[in-house]
Amino acid sequence: MSAHEPAADAVIEVAAALEEAARTGVPCAPVRSRLPEGDVEAAYAVQRLHVERGITAGRRLVGRKIGLTSPAVQRQLGVDRPDFGALFADMAVPEGRSIAPGRLLQPKVEAEVALVLGTDLPHRDPTVADLLRATAFALPALEIVDSRIADWDITIVDTVADNASCGLYVLGGTPVPLDRVDLRAVPMTLTKNGEMVSEGTGTDCLGSPLNASLWLASTLAGLGDPLRAGDIVLTGALGPMAVAAEGDEFTAHIEGLGTVTTSFASAATEGAAA
Ligand SMILES: C=C/C=C(\O)C(=O)O
């Protein structure tokens, strides 16, 4: 949709409401009723506006997240298909740096496989062979999802407009080439303060994180904005999301890829927080 099409005013208004929520830390009402009913394309137009404004403001686009890939998350949110959002460099939290109190509105944590591309993926019909060849390495990752919409009261239209509910992400530091790991089979466990809060396997992510990545590559190529060398792809949760609060520490272990940890600072320990 361009700014001249009929829903352009609604797209601009919804983008403004979501930006205001992010800026003030006060979630807004669901945005679906402000867009044509069920119009996922209009929701992606809101997301594109957010991305364009970010780039204009000097933010660096470094990849994409895929969302809503796992049946558990689809059930948690009452949606039935994958979506995608944008990753900016300033959304990355280094391991060992805690997340400052108040940086996010309603955070939840997911464990995922991240792929980092070594070459472009320009085809609308990419094969697994294309994807394996294009992927430089995989990493274990945590996505901290967040909703700018009050109480996570979202449909597919709300979450797509809200950059696929992406908040921050944490990448593990040991790259693994794809000939060393079968992503379909990898078991994942996620602990919160030492207790397991989520588990799953690669098959829980649209059958395999590779399938999810092929869906994304094909979708973006079809939109004329393909995945490029260097892009990070967060391939989608392998298990249910877990609610996060100040003081919590999360560790994901994905067999074959290793572990990745993050923590949420409390006001008392804010010293080293991002
Ligand atoms: C609402 C966000 C969902 C995801 O990020 C996911 O399913 O991976």
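Colleague: Which element gives the most to the shell around the ligand?

Modeller: That's β1, with three residues. It's a predicted model, so local features need pLDDT of at least 70 and side-chain atom pairs count only at pLDDT 80 or more, while totals for chains, interfaces and linings use all residues. Residues are numbered from 1 along each chain as its sequence is written, and side-chain values use heavy atoms, with hydrogens and water left out.

Colleague: What makes a residue one of those that surround the ligand?

Modeller: One of its heavy atoms has to lie within 4 Å of the ligand. 16 residues surround the ligand, and K65, L68, E110, E143 and A237 are the closest.

Colleague: Why is the K65 pair called a polar contact?

Modeller: The term covers a pair of N or O atoms within 3.5 Å. An N or O atom in the K65 side chain is 2.5 Å from a ligand oxygen, so the pair qualifies. L68 uses a backbone N or O atom, 2.7 Å from an oxygen of the ligand. For E110, a side-chain N or O atom is 2.9 Å from a ligand oxygen.

Colleague: Which elements give two or more residues to the shell?

Modeller: β1 (61–67), α3 (71–77), β3 (108–117), β4 (135–145) and β8 (232–237). Helices (H or I, at least four residues) and strands (E, at least two) are DSSP runs, numbered from the N terminus. The protein chain has six helices and eleven strands.

Colleague: How do you know that the radius of gyration agrees with a compact globule?

Modeller: The rule, over C-alpha atoms, is 2.2 Å times the number of residues to the power 0.38. For 274 residues that is near 19 Å; the chain has 18 Å, so the two agree.

Note on methods
Polar contact = N/O pair within 3.5 Å; in protein donor to acceptor, adjacent residues only side chain to side chain.
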